[in-house]
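Some labels given to residues and contacts deserve a careful look before they are used. The questions below ask what stands behind such labels.

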Amino acid sequence: MKKKLLIVLTLILLLAGCGKKEETSDTPSKVRIGIIRVPNDTAVAIQMNYFDKYFKDKGIETEFLFFDSGVSANQAFVSGSIDFAEMGFTNGVVALAKELPVKLIWIHEILGTNEALVVRDPAITDVKELKGKTVATIFSSTSHLSLLKTLEMNGMTEKDITLLNMDTAPIVAAWERGEIDAAYTWEPTLTKIKETGKVLISSEDLAKQGIMTANIRLVHKDFAEKYPGLVVDFIRALTDAGNLYRTDPDKAIQAAADYIGISFEEAKTQIEGTQWLTPEQEMSSDYMGDNGAFVKMFKSTSEYWNAQEFTSRVPSDEEIREFIDISFIKKSLEN
């Protein structure tokens with residue numbers, strides 16, 4: 001009898017344990033979010049507590065982790081140490097080519113005057129005059145792509161310059177030491193080197209010539225499969241931030257400035273140098289809709305990155321379409 005009772009109690013405990021596991025798997029205890037030091041919709045959403053609105057009430061902690069580049073963020077995805085990350089779309093190209101377990105779910109901003117090629121010598125007025133000069137950028141980034149395309153449009157290649165791979169902080173240090181002649185980079189590094197340099201060409205100029213660049217949001221596939229509703233809520237938090245900027249830009253700019261730790265004017269300059277999209281725009285043929293302009297740019301960049309030997313393969317159209325997943329944006333608009 002005692003033996004039967006022991007067996008029954010053991011089964012009850014086992015079933016209780018299984019039930020508890022299923023219950024807690026509905027939501028994670030923490031969401032790990034990779035961010036970059038840019039005053040965009042993410043910064044606004046954090047400062048305005050929009051993520052708390054969708055996660056805190058569910059008992060979910062949000063942890064925000066700064067990454068200086070998409071390269072580091074992709075490494076974090078590989079190790080499984082983050083659930084979301086933002087980066088330049090060129091690192092999204094690399095992620096797909098390397099078959100990282102991620103999806104592209106949002107465009108944070110279309111880049112413009114917030115990324116540019118700055119030269120030290122004010123006498124330089126033409127890109128061709130950079131021949132033989134030392135130029136720095138962040139490899140695999142949107143700035144890297146923009147620099148290579150700028151050289152290409154002027155009948156040059158990276159072989160015509162001394163090209164250095166540097167993160168943003170080292171670019172500033174090298175600039176101050178007089179070790180580089182030019183750099184293609186983004187804010188806030190851009191503002192710092194512009195103090196003693198001048199802009200030769202910006203990403204806004206390139207966009208007018210059909211070379212679109214953007215910062216994007218990736219999500220780990222495992223997280224998206226386990227918690228699709230939370231991915232939708234993540235999109236809603238970003239949409240709330242975008243809506244604030246569209247209805248009360250000064251309030252949104254101040255929020256972004258406060259979170260990043262820069263002045264209102266600095267944040268204003270950086271934000272106004274970009275374009276923030278509505279969810280409807282994100283899904284349109286201009287961007288991530290079927291055969292959209294951004295999708296085409298993603299494909300052409302995949303081919304270009306492969307030709308430059310930055311990736312070992314070019315993903316198929318089907319792979320790109322599966323990678324760029326607008327289903328979460330669609331669901332975020334449902335009542």
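Q: What makes a residue buried, exposed or partly exposed?
A: Buried means under 20% relative accessible area, exposed means over 50%, and partly exposed covers what lies in between. The labels below apply to a predicted model.

Q: Why is lysine 149 called buried?
A: Lysine 149 has a relative accessible area of 17%, and because buried means under 20%, lysine 149 is called buried.

Q: What makes glutamate 152 and lysine 149 a salt bridge, and how far apart are they in helix 6?
A: The N to O distance between their side chains is 3.9 Å, and the cut-off for a lysine nitrogen and a glutamate carboxyl oxygen is 4 Å, so the pair counts as a salt bridge. Glutamate 152 and lysine 149 are three residues apart in helix 6, which means that about one helical turn separates them. Glutamate 152, with a relative accessible area of 43%, is partly exposed.

Q: How do you know that histidine 144 is buried, and what surrounds it?
A: Histidine 144 has a relative accessible area of 1%, and as the limit for buried is under 20%, the label follows. Histidine 144 lies in helix 6 (residues 142-153), and, leaving aside neighbours within four places in sequence, is in contact with Thr137, Ile138, Phe139, Leu163, Trp305 and Phe310.

Q: What makes histidine 144 and serine 140 a polar contact?
A: A polar atom of the histidine 144 side chain lies 2.9 Å from the backbone nitrogen of serine 140, and the limit for a pair of N or O atoms is within 3.5 Å.

Q: Why does phenylalanine 84 count as buried?
A: Its relative accessibility is 0%, and buried means under 20%, so phenylalanine 84 counts as buried. Phenylalanine 84 lies in strand 3 (residues 84-88), and the residues it touches, not counting those up to four places away in sequence, include Val31, Ile105, Leu218 and Phe234.

Q: How do you know that glutamate 99 and arginine 313 form a salt bridge, and which parts of the chain do they link?
A: Their side chains meet at 3.9 Å, N to O, and the limit is within 4 Å. The pair links distant parts of the chain, with glutamate 99 in the loop between helix 5 and strand 4 (102-110) and arginine 313 in the loop between helix 15 and helix 16 (317-323), 214 residues apart. Glutamate 99 is exposed because its relative accessible area is 59%, whereas arginine 313, at 22%, is partly exposed.

Q: What makes arginine 177 exposed and glutamate 179 partly exposed?
A: Arginine 177 has 54% relative accessibility and exposed means over 50%, whereas glutamate 179 has a relative accessible area of 42%, which falls in between 20% and 50%. The two form a salt bridge, their closest N and O atoms being 2.8 Å apart.

Q: How do you know what domain 1 and domain 2 bury between them, and how many salt bridges and polar contacts are counted there?
A: The accessible area lost when parts come together is often used to give the size of an interface. Domain 1 and domain 2 bury about 1,700 Å² between them, 60% of it on carbon and sulfur atoms. Asp68, Gly112 and Tyr304 supply 31% of the area that domain 1 buries against domain 2, more than any other three residues. The count of salt bridges between the two domains is zero, whereas eight residue pairs are in polar contact across their interface.

Technical notes: Residues are numbered from 1 along each chain as its sequence is written. This is a predicted model: local features need pLDDT of at least 70, side-chain atom pairs count only at pLDDT 80 or more; totals for chains, interfaces and linings use all residues. Side-chain values use heavy atoms; hydrogens and water are left out. Helices (H or I, at least four residues) and strands (E, at least two) are DSSP runs, numbered from the N terminus. Buried means under 20% relative accessible area, exposed over 50%, partly exposed in between (1.4 Å probe, protein chains only). Contact means heavy atoms within 4.5 Å. A polar contact is a pair of N or O atoms within 3.5 Å; within protein, one must be able to donate a hydrogen and the other to accept it, and residues adjacent in sequence count only if both atoms are side-chain atoms. Buried area is the accessible area (1.4 Å probe) that two parts lose on being put together, summed over both.
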